[in-house]
Amino acid sequence: MSLIHLPCYFCCYRFRVQFTSGPQLCPGHPGTATMGASVGLLLLSLLLLLPCIPGLPFYNGFYYSPGGRNLGSGHKEGLFNGVKLVVETPEETLFTHRGANVTLPCRYHYEPALASLRPVRIKWWKLSENGAPEQDVLVAIGQRHRSFGDYEGRAHLQQDREREASLELQDLRPEDSGRYRCEVIDGLEDESGVVELELRGVVFPYQPPQGRYQLNFHEAQRACEEQGAVVASFEQLFRAWEEGLDWCNAGWLQDGSVQYPITLPREPCGGLGLAPGVRSYGPRHHRLHRYDVFCFTAALKGQVYYLEHPEKLTLTEAREACREDSAHIATVGQLFAAWKFRGLDRCDAGWLADGSTRYPVAHPRPNCGPPEPGVRSFGFPDPQSRSYGVYCYRQS
């Protein structure tokens with residue numbers, strides 16, 4: 001598009017009208033002050049009338065000629081010639097697991113089709129969700145691209161085919177779950193589509209060694225991170241409730257609200273008169289109010305196992321035993337993920353990284369706790385106690 005200039009020719013060879021503090025537009029020529037003022041008023045009147053003239057496009061204070069623009073290859077396309085930019089993304093949710101690489105599909109084309117390629121700008125970002133801000137992921141122009149923040153080095157544009165704008169994410173983390181927007185920008189035209197990515201994971205309630213209702217929102221975030229997890233969203237908690245999660249202690253969620261899931265109504269958990277569901281205390285003060293937290297961890301890439309050891313161990317000895325086995329003591333999130341997605345089943349209580357002792361049961365049986373599958377907890381015993389084994393994690 002070319003910007004329309006309105007030159008004026010008078011006694012000078014040529015000048016463009018300017019508004020200055022001096023009375024002279026062409027120095028030395030009699031009467032130019034009067035002519036300059038008249039021309040200035042006339043030009044101002046024309047500019048005020050231009051937006052009212054039908055058919056003349058107006059953008060951001062500039063007038064553009066609809067004659068087209070040169071795209072650098074000799075091909076010229078008018079912006080208002082009936083060509084439509086179309087962006088295509090999948091409607092179904094993409095499911096994957098932690099540590100995996102995934103491609104978020106995005107392609108674009110023109111209707112009617114164009115004979116030659118046009119230079120476009122591509123932008124990917126993660127949409128705001130559950131109180132979390134939007135995040136820039138990647139911007140690309142031609143073969144050049146740049147990724148941002150936590151996505152730096154993990155996000156790449158896939159351009160194997162013409163008009164491809166797909167995003168490849170590597171080494172996925174629990175916080176990568178969410179909705180991503182692919183935007184294609186061609187001059188003043190832009191179109192976009194949304195891709196939803198969901199990591200297979202498990203929600204688990206967590207309270208620290210200090211006991212029940214000890215965490216404000218920021219402490220809850222750190223507690224989940226220390227367990228290899230993130231604070232769960234409402235959607236994740238709701239799905240866990242649909243799968244049978246029943247927990248009477250209220251916990252923080254990602255949006256700053258406090259809620260808890262009940263499948264079996266009972267008196268201490270809101271009363272018998274309330275139907276099953278996710279009960280809510282609503283939003284709470286992030287710093288002043290204290291509750292437990294619901295964490296979300298995605299499926300594992302490595303292996304969690306109970307270390308066969310000739311003796312029971314203190315917490316310090318348990319950490320060292322895992323190191324000697326070329327592994328690390330497992331976190332609570334890793335144990336839950338191994339139970340949920342690998343079917344880890346062991347009736348022996350073992351130390352975990354936070355100082356708690358737990359054991360996973362995929363197939364309930366006598367002398368192995370309640371009749372439902374789950375991760376059983378013995379709380380936080382004395383770290384010097386030699387009554388437990390240890391669960392280790394080895395990355396594959």
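L104 stands opposite L167 in strand 13 of this predicted model. Strand 13 covers residues 166-169 and is joined to strand 7 by 3 bridges. The two strands run antiparallel. Both belong to an open sheet of 3 strands, ordered 7-13-12, with antiparallel pairing. Strand 7 (102-104) and strand 12 (155-158) form the edges, each pairing on one side only. From one strand to the next, the twist averages 30°.

A further set of pairings involves strand 25 (residues 357-361). Of its 5 residues, 5 are buried, so strand 25 is largely enclosed by the rest of the structure. Burial here refers to a relative accessible area under 20%. In a regular strand, side chains alternate between the two faces of the sheet. Both faces of strand 25 are covered. T357, Y359 and V361 are buried on one side. R358 and P360 are buried on the other.

Strand 25 pairs with strand 24 and with strand 26. Strand 24 (residues 350-351) runs antiparallel to strand 25, and 2 bridges join them. Within this pairing, W351 stands opposite T357, a residue that is itself buried. The two strands form a hairpin with 5 residues between them. In the turn, G355 has a positive phi of about 90°. Strand 26 (residues 374-377) is likewise antiparallel to strand 25, with 4 bridges joining the two. Here the bridge partner of P360 is V375 in strand 26.

Technical notes
Residues are numbered from 1 along each chain as its sequence is written. This is a predicted model: local features need pLDDT of at least 70, side-chain atom pairs count only at pLDDT 80 or more; totals for chains, interfaces and linings use all residues. Side-chain values use heavy atoms; hydrogens and water are left out. Two strands pair if DSSP finds at least two bridges between them. Axes are lines fitted to C-alpha atoms, for helices over the stretch in contact, and angles run from 0 to 180 degrees between N-to-C directions. Buried means under 20% relative accessible area, exposed over 50%, partly exposed in between (1.4 Å probe, protein chains only).
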